[in-house]
Protein chains: 2
Amino acid sequence: MRIRDEDKIKRIYKAAICLISEVGIAGLTMAKLAKEAKLATGTVYIYFKSKEVLINKLFTKLQQEAAERFMQGMEKQSNFKQQLCRVFLNYLNHRIKYHDESVFLEQYYRSPYITKDQLQLTQALKQPVLDLFHQGQDNDELRCDMDVHMMFLMFLGFIRELAGEHVLGFYVLDEKKKLEAFERSWELIEKGG
Amino acid sequence: MRIRDEDKIKRIYKAAICLISEVGIAGLTMAKLAKEAKLATGTVYIYFKSKEVLINKLFTKLQQEAAERFMQGMEKQSNFKQQLCRVFLNYLNHRIKYHDESVFLEQYYRSPYITKDQLQLTQALKQPVLDLFHQGQDNDELRCDMDVHMMFLMFLGFIRELAGEHVLGFYVLDEKKKLEAFERSWELIEKGG
DNA sequence: TTCTAAAATGAATAAAAATTCATTTATAAT
DNA sequence: ATTATAAATGAATTTTTATTCATTTTAGAA
């Protein structure tokens, strides 16, 4: 007998991300998806029971992968500023390298596919980063005349905006610019300010 | 003879924005739209030739309205900081009050409906705000060791993030918080900083 | 008040998209 | 090498959704 080809699942996911970043979830059809993945439409249904299941699984997979990337390598850093810098760069690089995925995730939040549980999970995945900020303030590393949560939002918002403009080609980032961007964020929140 | 009812156009737009914010452009159907607007499906086609035309017109309308709101009341302000504060609050309040519209606009950018021209226009609408920043730097109001464009992106990114979390109920803003948020943004970019 | 032309309706139809399935193909086991 | 079994295929079918249209209703003109 013939065995299932795990590579096909990857091809299906990849094709879905690619097409959705062009035409949105609105524009994705199973026929286009199969063509992009170089498969027959029926084959897609061997791996995924329905379009809904496919979209759901893709969301969960991407969300988890993203969360892992954010905190990667943070424990290796020697001090708080370096840890924060690691997270800053992780998130920025993630939003650039996996931009298509970010587009999908954001569309999914406002689609007929999302469930309550998934929406909760989304918020939970941000928690480790917010915790890092709280920890920073507890250890007297951050200015105390500013709401930690507000710092956190400035931090994230800036990164998203930077990545978005970079991908569109309107504000191109190199490694030096990225570090400069982090320094500006740091100035804003550091104790000595 | 009977005359066209302009109010119905408003109802159609309103219903579209409302439904899209719940289920995305992906989930919008003409049947649901008509029901939400309390009209027969056929009636929608009297006012809009097709679903595509409807979505297109809605986009153009909302984009223009949004652009007008951003700069509103700015000329009345006496100094640069006050002008910038006006724009900050305009944009923040816009993203909160018209959150559903913002969701639609962002989905539209990545949908099968958008055209090249429309994408260009989007960028053009941001220009006046960027110009204000350039003007500020020319007049020596802003620190000169930081890229104006980067300041601009921090400014916008923070606002978007704030508004997004406020709407989800994760970071609630009152008028005091809004002004505090502006002060933090200002600290970051002002000359003396 | 009557007439008329356009709006409004929603069931009927057409078009598009999701899903199935009879058939073919490939490969693991013997 | 043969066989058995599940994968792969894509045309056929079903389902969903957009659009049309015959009919009814409405409001302005005569």
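1. Start with the symmetry. A turn of 180° and a shift of 0.0 Å along the axis lay chain B on chain A with an RMSD of 0.1 Å. The two copies are therefore related as by a two-fold rotation axis. Keep in mind that this is a predicted model. If you want a landmark for the axis, try Ala26(B): of the residues of chain B, its C-alpha comes closest, at 1.8 Å.

2. Next, how the copies meet. The contact takes in 29 residues of chain B and 29 residues of chain A. On the chain B side, the elements giving two or more residues are α1 (6–27), α6 (99–109), α8 (148–168) and α9 (175–189). Of these, α8(B) gives the most, with 11 residues. By class, this side of chain B divides into 16 nonpolar, eight polar and five charged residues. The same surface serves both copies, since 100% of the contact residues of chain B recur in chain A.

3. A quick look at one chain by itself. Chain A has nine helices and zero strands, so reading along its sequence you just get α-α-α-α-α-α-α-α-α. Taken along the principal axes, its C-alpha atoms fill a box of roughly 65 × 35 × 30 Å. Of the 193 residues of chain A, 32% count as buried. As for contacts between residues at least 6 apart in sequence, 62% of those in chain A join residues at least 24 apart.

4. For a helix pair to inspect, I'd pick α4 and α5 of chain A. Helix α4 (residues 51–71) and helix α5 (residues 80–97) pack at an angle of about 145°, and their axes are 7 Å apart. From α4(A), the contact uses Ala66(A), Arg69(A), Phe70(A) and Met71(A), while α5(A) brings Val87(A), Asn90(A), Tyr91(A) and His94(A). That contact has five nonpolar, two polar and one charged residues.

5. Now the DNA, beginning with strand C. There are 23 residues around DNA strand C, and Thr29(A), Gly42(A), Lys51(A), Ala40(B) and Gly42(B) come nearest. Both chains take part: α2 (30–36) and α3 (41–47) of chain A, together with α3 (41–47) of chain B, each supply at least two residues of the surface near this strand. The most comes from α3(B), with four residues. By class, the surface near DNA strand C has 10 nonpolar, seven polar and six charged residues.

6. Then strand D. DNA strand D is surrounded by 23 residues, and the closest are Met1(A), Ala40(A), Gly42(A), Thr29(B) and Gly42(B). Here the elements giving two or more residues are α3 of chain A together with α2 and α3 of chain B. The largest share, four residues, comes from α3(A). The surface near DNA strand D divides into 10 nonpolar, seven polar and six charged residues.

7. Last, a single residue to click on: Met30(B). You'll find Met30(B) in helix α2 (residues 30–36) of chain B. Is Met30(B) buried or exposed? Neither quite fits: Met30(B) counts as partly exposed because it has 15 C-beta neighbours inside 10 Å, whereas a buried residue would need 20 or more and an exposed one 12 or fewer. Leaving aside residues up to four places away in sequence, Met30(B) touches Thr41(B), Val44(B) and Lys51(B). Met30(B) and Ser50(B) are 20 residues apart in sequence, yet 9.4 Å apart in space, C-alpha to C-alpha.

Conventions
Residues are numbered from 1 along each chain as its sequence is written. Chains are lettered from A and ligands numbered from 1 in the order in which they are written. This is a predicted model: local features need pLDDT of at least 70, side-chain atom pairs count only at pLDDT 80 or more; totals for chains, interfaces and linings use all residues. A residue is near a molecule or strand if its C-beta atom, placed from the backbone, lies within 6 Å of it. Ala, Val, Leu, Ile, Met, Phe, Trp, Tyr, Cys and Pro count as nonpolar, Asp, Glu, Lys and Arg as charged, and the others, Gly among them, as polar. Two residues are in contact if their C-beta atoms, placed from the backbone, lie within 7 Å. Copies are superposed by least squares on the C-alpha atoms of residues with pLDDT of at least 70 in both. Axes are lines fitted to C-alpha atoms, for helices over the stretch in contact, and angles run from 0 to 180 degrees between N-to-C directions.
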